[in-house]
Amino acid sequence: MWTSALAPLHRHAAYRRRLCVECQQVPPAAGMPRCYPCHAAYTGTRLTPSQAHAARIRAMTGPRPSVEVRALAYYLERFIAVVSEARV
Ligand SMILES: [Zn+2]
């Protein structure tokens, strides 16, 4: 996962900077203050496959990726999934 060199923010400051209020490493999921993995831990639920996919992309790109970096992460994640399925 992407790690920040900055000190942890206050939860409200993280929210205003459009970061997950728990891990403060990636943007939150749409309509929520937390990213999908933190939301799943908070609620005690499992991630759906699409949520896990989105979480892996966010973990690769960090908080404010450009469109190009986000697109590259999307295809890398798909490539990793295909290679992982082929290995099994
Ligand atoms: Zn989080």
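Is E22 buried, partly exposed or exposed? The residue is partly exposed, at a relative accessibility of 36%. The numbered points below place this residue in its context and then turn to the remainder of the chain.

1. Status of the model. The structure under review is a predicted model. The mean pLDDT of the chain is 87, and 91% of the residues reach a score of at least 70. Among the elements, α2 has the highest mean confidence, at 93, whereas α3 has the lowest, at 88. As a general caution, predicted coordinates should not be read in detail where pLDDT is low.

2. Overall architecture. The chain contains four helices and zero strands, and its elements follow the order α-α-α-α from the N terminus. Taken along the principal axes, the C-alpha atoms occupy a box of roughly 45 × 30 × 20 Å. Of the contacts with a separation of 6 or more, 23% are made by residues 24 or more positions apart.

3. Surface and burial. The accessible surface amounts to about 6400 Å², and carbon and sulfur atoms contribute 60% of that area. The chain has 88 residues, of which 32% are buried.

4. The zinc site. Four sulfur donors coordinate the zinc ion, namely the SG atoms of C20, C23, C35 and C38, at 2.2 to 2.3 Å. The angles among the four donor atoms run from 102 to 116°, and the site is tetrahedral. Because a tetrahedral assignment requires all angles to lie between 85 and 135 degrees, the computed range of 102 to 116° satisfies the criterion. Along the chain, the donors are spaced as C-x2-C-x11-C-x2-C. One of them, C20, has a relative accessibility of 0% and is therefore buried.

5. E22 and R11. A salt bridge joins the side chains of E22 and R11, with an N to O distance of 3.1 Å. E22 belongs to the loop between α1 (11-16) and α2 (36-43), while R11 belongs to helix α1, so the bridge ties together parts 11 residues apart in sequence. R11 is partly exposed, its relative accessible area being 37%.

6. E22 and R34. The side chain of E22 also forms a salt bridge with that of R34, again listed at 3.1 Å from N to O. Both E22 and R34 lie in the loop between α1 and α2, so this pair ties together parts that are 12 residues apart in sequence. What is the accessibility class of R34? The residue counts as buried, at 9% relative accessibility.

7. E77 and R56. The closest N and O atoms of E77 and R56 are 2.4 Å apart, and the two residues form a salt bridge. This pair connects distant parts of the chain, since E77 is in helix α4 (residues 67-87) and R56 in helix α3 (residues 49-61), with their positions 21 residues apart in sequence. E77 is buried, with a relative accessible area of 4%, whereas R56 is partly exposed, at 41%.

8. The charged pairs taken together. Through shared partners, salt bridges join R11, E22 and R34 into one network. The count for the structure comes to three salt bridges. In general terms, side chains of opposite charge can pair when their charged atoms come close.

9. Helix α2. Three residues of α2 are reported as buried: Y36, C38 and A40. The cover over the buried residues of this helix includes α3. C38 also supplies an SG donor to the zinc ion. After α2 comes G44, which has a positive phi, near 75°.

10. Positive phi in the loop between α1 and α2. Which residues here have a positive phi although they are not glycine? One is R18, with a phi of about 60°, and another is Q24, at about 55°. R18 is located in the loop between α1 and α2, as is Q24. Their accessibility classes are opposed: R18 is exposed, with a relative accessible area of 62%, whereas Q24 is buried, at 11%.

Methods
Residues are numbered from 1 along each chain as its sequence is written. This is a predicted model: local features need pLDDT of at least 70, side-chain atom pairs count only at pLDDT 80 or more; totals for chains, interfaces and linings use all residues. Side-chain values use heavy atoms; hydrogens and water are left out. A salt bridge is a side-chain nitrogen of Lys or Arg within 4 Å of a carboxyl oxygen of Asp or Glu. Helices (H or I, at least four residues) and strands (E, at least two) are DSSP runs, numbered from the N terminus. Buried means under 20% relative accessible area, exposed over 50%, partly exposed in between (1.4 Å probe, protein chains only). Donors are N, O and S atoms within 2.8 Å of the metal (3.2 Å for Na, K and Ca); water is not among the atoms, so sites may look incomplete. Four donors count as tetrahedral if all angles lie between 85 and 135 degrees; four count as square planar and six as octahedral if opposite donors are over 155 degrees apart and all others between 65 and 115; anything else is irregular. Contact means heavy atoms within 4.5 Å. Accessible areas come from the Shrake-Rupley method with a 1.4 Å probe; for residues, only the protein chains shown count as cover. pLDDT is the predictor's confidence in each residue, from 0 to 100.
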